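Grab a coffee and open the viewer: here are a few exercises to work through by hand. Try each task before you read its solution.

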Protein chains: 2
Amino acid sequence: MQEKEPTERRAVVLLSGGLDSATTLACARTEFQCYALAFDYGQRHRIELDAARRVAQDMGAIEFRIVRLDLRAIGGSALTDSNIAVPESHAIGRDIPVTYVPFRNAHFLAVAVSWAEVLGARKVYIGAVEQDSSGYPDCRPAYYEAFNRVVRAGTREGRIEIVTPLIAMRKAEIVRLGLELGAPFDLTWSCYGGQDQACGVCDSCVLRLRAFRAAGTKDPIPYAEKQIVEC
Amino acid sequence: MQEKEPTERRAVVLLSGGLDSATTLACARTEFQCYALAFDYGQRHRIELDAARRVAQDMGAIEFRIVRLDLRAIGGSALTDSNIAVPESHAIGRDIPVTYVPFRNAHFLAVAVSWAEVLGARKVYIGAVEQDSSGYPDCRPAYYEAFNRVVRAGTREGRIEIVTPLIAMRKAEIVRLGLELGAPFDLTWSCYGGQDQACGVCDSCVLRLRAFRAAGTKDPIPYAEKQIVEC
C-alpha cells in the first residue's frame, strides 16, 4: 500500500482550456500532484470548460473542479456582457481590449488560494503571459508580486505562493515548451467563437495560429477552412 | 434638472448586515454616493442578506446588489460547510476560529473592485476590524495595504483604493460612531444562528452585547430572553 503523499506536494492549477494553461499544467505536474480549477463565469461558450476538463483528465490531475463566478452581476466586458459585441479583428494593439473583465484574475486567484489552503497545497499555478496578453493589467509580473504579498498576509501560515511559469515567455516558446512536456494541445480551445470548429479569425485564434507557425509546427486542432489566416 | 454626479463621488460599500458594515456605510455616505454590495456565499441563513438590504435602503444607497459566490465548492469553514458544527462558545481566543472561510475577504474585495471599475468609483469601503476579528488573517492592516498594491497594479488606471475606516477601532467605539452617524442598528443582524431572534450566546452575539454594554447603551434588537448573556 502506498503512503499518502504529503500535502506540500499538491498544487492548484488554473485551467482555462487554452494553450497557456495546458502548458502550465504540464509544468506543474513535473513537480506536483495537480488539482485543476476552472471557472464558469458566464463565458458565452461551455466549449472552454469542456476543453479544460479533457486537458485535466488527459494530464492526470487528481481532481478537476469548476467553480461558478457571478461576474455577469458586475458586467463591463464583451466576454460576459451580452450587450457588448466581441470584436472580430486582427488588430492586436497595446490598448486594453473590450474583452477585459475588470480585475478578473483576482477572482480566480482568490478561489485558487482558498482551495490551496483547504488542500494544504503550497503552490497555485496560473498561465499568465505578459507579452501576448493584449494589455490586461492583471497579467503583469508586478501584479503577481503584489498578489503574493496579499497571500502571505491573508492566509493562516502565509506559505502559499502563486507561480507564473509562462509570464515572460512568448507564445511560440509556450507552444514549444508544451509540446516538449506533453501538453495535449489537440484537446485545447482558444477561439472566442462558440462553433464546432475554431474560427481562425478572432484575436485569440490569430495569436494561436501565429504561435504555432513561429514555433515551426502545425496547430493540431481543425479550423473552419475558408477562414484560415496565414500570417 | 440636476447635473449628473461625477463617478469619482461614487463608492462601493461591502455590507454584511452586521454592525461593522452598517457603521462603515454610515462613514462612507458622509462623502460618497454609495453602491452597496452583499454576498450570497452559502451562508446558512438568508437573514443576514435581508438585514443588509434593509440597511442599504434605510441609509439611501443608490444601488444594492447581491453577488453569488460559490465558496461551498471549496469548503473548509463552519459557515459554509454543513459537515462542520458552528461552536456555541463564549471563548473568544486568539486562535483562528473554525468559522474561518480561507481567504474569504479576497473574494469580496475582488468583486467590489471589479464593480468599482465598472462604476468609475474610486473607493471601496469595507468594515474590517482587527481587534475583534478573532484572528482572521485577512482583517489586518497589512493585508489591506498589500491588497491596495494589487488594485493599483491590476486595474486600468490604478486609482481605486480600499478604505477600512474601522480597522483600528474597538467594538464599543464602532457602536458609538455608528449611533453618532445614524446607522440603523435596529435593522442589523450579527447572530450565527438563524432563528427569528438572535440567540445571545454564540460568539458573534456575545461580542455584540459586550460592545453595546461597553458603549453604555442598549442593543436595540431583541434576543431570545432566556439566553441573554450579561458579561
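**Exercise 1. Work out what end-to-end span helix α4 (residues 141-154) of chain B should have, and check it against the model.**

Keep in mind that this is a predicted model. Start from the length: α4(B) has 14 residues. The rise is 1.5 Å a residue, and it is counted over one less than the number of residues, so the expected span comes to 20 Å. Now look at the end C-alpha atoms of α4(B): they sit 20 Å apart, in agreement with that figure.

**Exercise 2. Find which residues of α4(B) are buried, and say how they are arranged around the helix axis.**

First collect the residues with 20 or more other C-beta atoms within 10 Å of their own. For α4(B) that gives Y143(B), Y144(B), F147(B), N148(B), V150(B), V151(B) and G154(B). Next, look down the axis: these buried residues stay within an arc of 160°, so they line one face of α4(B). The spacing fits the textbook picture, since an α-helix has 3.6 residues a turn and residues three or four places apart therefore point the same way. Last, ask what that face packs against. In chain B the partners are α3 (104-119) and β5 (161-163); from chain A come α3 (104-119) and α4 (141-154).

**Exercise 3. Describe the side of chain A that touches chain B, then relate the two copies.**

Begin with the count: 34 residues of chain A are in contact with 34 residues of chain B. β3 (63-68), α3 and α4 of chain A each put in at least two residues on the chain A side. The largest share, 10 residues, belongs to α3(A). Sorted by type, the chain A side holds 19 nonpolar, seven polar and eight charged residues.

Now superpose. A turn of 180° with a shift of 0.0 Å along the axis lays chain A on chain B with an RMSD of 0.0 Å. The copies are thus related as by a two-fold rotation axis. Both use the same surface, too: 100% of the contact residues of chain A recur in chain B.

**Exercise 4. Decide how enclosed strand β1 (residues 10-14) of chain A is, and find its partner.**

Count first: five of the five residues of β1(A) are buried, so the strand is largely enclosed by the rest of the structure. Then split them by face, remembering that side chains in a regular strand alternate between the two faces of the sheet. One side of β1(A) carries R10(A), V12(A) and L14(A), the other A11(A) and V13(A), and all are buried. For the partner, follow the bridges: five of them join β1(A) to strand β2 (residues 33-40) of chain A in the parallel sense. Within this pair, L14(A) faces L37(A) of β2(A).

**Exercise 5. Track down what is unusual about the phi of F103(A), and see what F103(B) does.**

Recall the background: most residues other than glycine have a negative phi. F103(A) isn't a glycine, yet its phi is positive, near 65°. Its place is the loop between β3 and α3 of chain A. With 28 C-beta neighbours inside 10 Å, F103(A) counts as buried. Turn to the other copy: F103(B) has a positive phi of about 60°, in the loop between β3 (63-68) and α3 of chain B. F103(B) has 28 C-beta neighbours inside 10 Å and so counts as buried.

Technical notes. Residues numbered from 1 in each chain as written. Chains lettered and ligands numbered in written order. Predicted model: local features only at pLDDT ≥ 70, side-chain atom pairs only at ≥ 80, totals over all residues. Helix = DSSP H or I, 4+ residues; strand = E, 2+ residues; numbered from the N terminus. Buried ≥ 20, exposed ≤ 12 C-beta atoms within 10 Å, placed from the backbone. Arc of directions from axis to C-beta. Contact = placed C-beta atoms within 7 Å. Least-squares fit on C-alpha atoms with pLDDT ≥ 70 in both. Nonpolar A, V, L, I, M, F, W, Y, C, P; charged D, E, K, R; others polar. Pairing = 2+ DSSP bridges.
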